[in-house]
Amino acid sequence: MIDFQDRVAVITGAGGGLGRSHALLLASRGAAVVVNDLGGDMSGEGASQTAAQSVVDEITAAGGAAVAEYSSVATPDGGEAIVQKAIDEFGRIDILINNAGILRDKSFGKLEWDDLHSVLEVHLRGAFYVTKPAFAFMKEAGYGRIVMTSSASGVLGNFGQSNYGAAKMGLVGFMNVLKLEGAKYDIKVNTIAPTAHTRMTTELLGPLADKLQPEQVSPAVAYLASEACQLTGEIWSVGGGAVSRMFVGLTDGYFKADEAMTIEDVEANIEAIRDDEGYIVPFSIQDELAKLGPKLAG
Ligand code: NAI
């Protein structure tokens, strides 16, 4: 059985929705949890301590260990305070789940700069602000598990979410670098693209909502947060009882060695460029270069 005895987890935005569900599951398996939540509304306005505190109350009532933390992830000081809370209360941080999020949906033409800045600030920069101090501790300790919360809206795209989609795909880029920088310290960094009925998706999911509970997402997150997880750099689509891997593939493509490539060559070889027969899933730039190397060598 996978457990989190002696492990300390920080979960941002854990006062409701997916974060609450992750917190309850990890705590039920022995993790001490810092339940962070600013407690504002879905667009990021306002603040309240009620959300985080009520999740802590649920955990402690069930015999678990948890403490509430109310900072916004959207400032460097907030990020420091959140991680410091784990160290002050429980002596360490082993697990970070970057989950806090807001929405400011608008079609691109109507997007105001403030809609861009606030969404990037919470989702993308916020993940940097919390991960920086957490990563430093984990490096020193030689152990860490970090889970980013991306979205199909970024990995695949969704109308009216240019700000959110860009922030969410930014987290994938962030993960891809941390998976390399964390490798020798046993820091595994993975990403989920969840689907669940929360206040964020009530309107979007319609009649499917009842079949998409946050509790169906948390087991995959808990696995990625566990010592058992030896994977790093993965993106998992999780929801409604399904867990799948999403990935960036590289097709075998078109190659022209001897003469200069023309624009017309590209046009004439669109099919080969796009043919997904024989694609690879590169882990790093080295894998991409390793594929090109033999072709260049002839
Ligand atoms: P939610 O609105 O219930 O949870 C987000 C939590 O983050 C809220 O409790 C909110 O108070 C907190 N939060 C917002 N700004 C914060 C800040 N600056 N500092 C600290 N806490 C803050 O929504 P849900 O669905 O549980 O979202 C969790 C994460 O999952 C988000 O990152 C969201 O973008 C992502 N997601 C959710 C999907 C879904 O189907 N529910 C789909 C794809 C991604």
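How many Å separate the centres of domain 1 and domain 2, taken over C-alpha atoms? The answer is 36 Å. Domain 1 covers residues 8-246 and domain 2 covers 248-298, with bounds that come from an automatic or database domain assignment.

Before going further, keep in mind that this is a predicted model, where local features need pLDDT of at least 70 and side-chain atom pairs count only at pLDDT 80 or more, while totals for chains, interfaces and linings use all residues. Residues are numbered from 1 along each chain as its sequence is written, and side-chain values use heavy atoms, leaving out hydrogens and water.

Let's start with the ligand. It has 30 residues around it (each with a heavy atom within 4 Å), and the closest are L18, D37, N99, Y164 and T198. Several polar contacts, meaning pairs of N or O atoms within 3.5 Å, involve oxygen atoms of the ligand. A polar side-chain atom of T198 sits 2.5 Å from a ligand oxygen. For R199, an N or O atom in the side chain is 2.8 Å from an oxygen atom of the ligand. A196 uses its backbone instead, with a polar atom there 2.9 Å from a ligand oxygen. Taken alone, the ligand exposes 810 Å², and the protein buries 95% of that (Shrake-Rupley areas with a 1.4 Å probe).

Now for the empty space. Rolling a probe the size of a water molecule over the atoms shows where such space is left. Here the search runs on a 1 Å grid over the protein atoms alone: a cavity is a set of points where a 1.4 Å probe fits but cannot get out, a pocket is an open set with protein on both sides within 12 Å along at least five of seven lines, and lining residues have an atom within 4 Å of a point. Grid points are joined across faces, edges and corners, and a volume is the space filled by probe spheres set on the points.

The largest pocket holds about 1,100 Å³ of space. Its lining counts 50 residues, and nearest its centre lie G101, I102, L103, T198 and M200. T198 is thus a residue to look at twice, as it is also among the closest to the ligand. Elements giving two or more residues to this lining include α1 (17-28), α4 and β6 (187-195); helices are DSSP runs of H or I with at least four residues, strands are E runs of at least two, and both are numbered from the N terminus.

Where do the two domains share a lining? The second largest pocket draws at least three residues from each of domain 1 and domain 2. This pocket has a volume of about 450 Å³. Of its 21 lining residues, N176, K179, V248, P282 and F283 are the closest to its centre. The largest share of the lining, six residues, comes from α6.

Finally, look for the one cavity of 30 Å³ or more. About 70 Å³ of space lies in it. It is lined by 13 residues, with N98, N99, A100, V122 and H123 closest to the centre. α4 (113-141) and α6 (162-181) each supply at least two of the lining residues, and α4 gives the most, with five.

Technical notes:
Polar contact = N/O pair within 3.5 Å; in protein donor to acceptor, adjacent residues only side chain to side chain.
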